[in-house]
Amino acid sequence: MADLIQENNYMVNDLATRGKQEFSPGQIVSCQQSNHDFLFTCDNGVQLCLQVITDKILRFRYATEVGFAPDFSYAVPADLPRAALDFLEFREKPDHYRITTDRLICTIAKENLATRVLDRSGTVLSADEKGFHWEHDDDTGNDTVKMSKQVQGGVHYYGLGDKPDNMNLRGKRYTNWGTDTYGYVKGSDPLYKNIPFYLELHQKIAHGIFFDNTFKASFDFAAERADVTSFWALGGEMNYYFLYGPTLTEVTQEYTRLTCPPEMPPMWALGYHQCKWSYYPESNFRAIAAGFRERQIPCDALYLDIDYMDGYRCFTWSPTHFPDPKTMVLELAADGFKTVVIIDPGIKIDPDYLVYTEGLANDYFCRRADGPLMRGSVWPGLCNFPDFTQPDVREWWAGLFKGLIQEDGVRGVWNDMNEPAVFEKGTFPDDVRFNYDGNPASHKKAHNIYGMQMARATAAGVKQFSYPNRPFSITRSTYAGGQRYSSAWTGDNIASWEHLWLANIQCQRLSISGFSFVGSDIGGFVETPDGELYARWIALAAFHPFFRTHSSGDHGDQEPWSFGEEVTDLARKFISLRYQLLPYVYTTFWQYVQQGTPMLRPMAFLDQTDTDTYLRMAEFSLGDHLLVCPITTAGADGRWMYLPKGQWYYWWTDEVRTGGAEVWASAALDRIPLFVKAGAVIPLYPIMQYVGEKVVEEITLHVYYKNGTEHSVLYDDGGEGYGYQEGHATTRRFTLTGTDTTLTLRQEIEGDYQPSFATYRVVLHSLPFAPLKGTVDAKAAPLTENEADTGATLPQTIVKAGFAEIVIK
């Protein structure tokens, strides 16, 4: 009897051991090619479907013995066109298969499916270490799918969304599991957003990895083992894309095009926004609006947090705080303010609440595994939660915005608490079920895309009822591809100098992760900044695409005038500068939409041939020609910063500096270290209190001399409506060529859109010669003097906006 018990124990222990066993691919026994797709099958049933998406993008999709699930992704649209390939070669070798495109070589080992990707010169870009492997989880029935790769010499890693840590990810481990992390700090993980995309740089060549798996996923950048980097997920497929640069910027472009950039926003969305938890009642909200106009501080949008609702019921107004919202919104709009309101996912359980009863009647709410509705406590109390992965629910949700947008005149919506967050429990239980667009799933699979799909449904409704105006929405949580639907902010930060530093890093990181329309809560959401911190923060945020002050009402006032007259004047100065720079910022957004280029670019993106840029974090460029480096310590009157190679002009003084070295940037509280690339043409609007306040009759072009050639661009489509999608837009391309004795500026105009401005005021910076005459299209152009903000007198000429060539001698 004892022997039998011992034998049974051995069997049980053996089963337990086998249950935790790691499995790997076997020997390849067959290969099938279908156009640009290749299916490799191993003797143990493991398969690799390798798809050549373009000559620079390869997709690796693995299946264990259970086979492939339906091919579905929320990140990559199913109808994304596959590019025609000029060259594709497939060959079988004695020990491997080889696939070659114009740009890449990929080998697949016959022994174990191990892959290597090389460029056409033979440089190894990516090589499997253990490669694909997995273990089965008996508790969930899922496979934990894993990929490990060799660490190349001198490698650096970037990206992964909103991680609040150093720019370079090497030596760190992170997890993607959207989490409401109130008052997070440096190194907090996970956070709100789930973007499983990173960039790798070695030997001055860049590529990226996009791991398209929505389960809880982790990334180890040579943290556990210095010679191995790995990523894994607690379910789903090992499904990743290899994206080749060779530049870092090109990698982000390829990823952004794969997951699709957004449409153009209304220009006002790039103006200044003011928010607080919460502005109420109506008299207080109107007083905030009046405060901006009385002080001549530009502002385009004012926000209402959860207290505008009736008992926190979404899509309602408090009859006490806002008895006549339509009139209020209309009258604020007449003064240039766009009203933006919050909408959370929790729908209050209330039989007298129409949104709840509609959702209940149509079975639109999430259910537990055994059938009961998912219930959780958030701001309204006990709530049910829509299943935004169900198409009918998204359509219903979009339709709910008719009252707020079309009838009441609200211009934008922000989604919060959509990780999804639930009080005390954190998020939904694992057994909550989702439609997942016809691919039924548990919360384990749907959690990381819940916020993205809520933002998707919201964006659809705001767009439908804003027409013919463009929509605007923001979200706290998202997944890869979420940039198609919304802008974003970095969540519940703290009023601290560390968080000012983090805001700079997080916005850069999100931008290079395909999500450029981002910003932070200026001054911090938690606690209250002093005037110096607020001034430094608003100076930085003026160069972030999404530009909003937001704070918790528990910690005092945080309007631009809340810190005394000196800070009020400084806030006015930097917000006004942002409004002057709107044509430049708008053009940079258009480049993002058209080409996938990140709006904010870290130093390594500006010159990856210079190894001194690889570990820099503070400096970044906004677009092609502006270099910014915030002051992130108290009491500083400037800072050391690194300039990329070339010539750079200090914005505030026109002093020229040579890059490829550290320089001291003097910056009292009324300045932020800001440089302009030599040869740039920077367009400026006149200062406006809101977008559209004035008809722009003239744009000032600030032209910065360069001995050589530089290209700039100015895009214009009116900043509103959808005419640009029909071609009603104008792109103006400037080419500056400078010599020791001349400066030539040429303009090429594409498109027939007729802007409001008819002239340019061309201001010439740092000419190395005394200009005697100017010509415009071979006709004499008088040169006059411009009194610059620096106190210098600069030559200028006023020309028609349609000019072809200006020559200054």
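Two strands are taken to pair if DSSP finds at least two bridges between them, and on that basis this predicted model contains an open sheet of nine strands with parallel pairing. The points below follow that sheet and the helix packed on it, then a contact between two helices, and finally a region annotated in UniProt.

**The open sheet and helix H8**
- The strand order in the sheet is S30-S29-S28-S25-S21-S20-S19-S32-S31, and its edge strands, each of which pairs on one side only, are S30 (518–519) and S31 (521–522).
- Within this order, strand S25 (residues 412–415) and strand S28 (residues 473–475) are joined in the parallel sense over three bridges, and Asn-415 has Thr-475 in S28 as its bridge partner.
- Helix H8 (residues 443–466) packs on the sheet, where it touches S25, S28 and strand S21 (338–343), and the direction of H8 makes about 170° with that of S25.

**The contact of helices H3 and H4**
- The axes of helix H3 (residues 282–295) and helix H4 (residues 325–334) come within 11 Å and cross at roughly 5°; because angles under 35 degrees count as roughly parallel, H3 and H4 are therefore roughly parallel to each other.
- On the H3 side, Glu-282, Phe-285, Arg-286 and Ala-289 meet Thr-327, Met-328, Glu-331 and Leu-332 of H4, and by class this contact has four nonpolar, one polar and three charged residues.

**The annotated region**
- An unreviewed UniProt entry places the feature "domain: DUF5110" at residues 698–766.
- Over residues 698–766 the chain is 58% strand and 0% helix in the model, with the end C-alpha atoms 23 Å apart.

Technical notes. Residues numbered from 1 in each chain as written. Predicted model: local features only at pLDDT ≥ 70, side-chain atom pairs only at ≥ 80, totals over all residues. Heavy atoms only, no water. Axes fitted to C-alpha atoms, helices over the stretch in contact; angles between N-to-C directions. Helix = DSSP H or I, 4+ residues; strand = E, 2+ residues; numbered from the N terminus. Parallel < 35°, antiparallel > 145°, perpendicular 65-115°, else oblique. Contact = heavy atoms within 4.5 Å. Nonpolar A, V, L, I, M, F, W, Y, C, P; charged D, E, K, R; others polar. UniProt positions renumbered as here; feature names shortened; annotations may be inferred.
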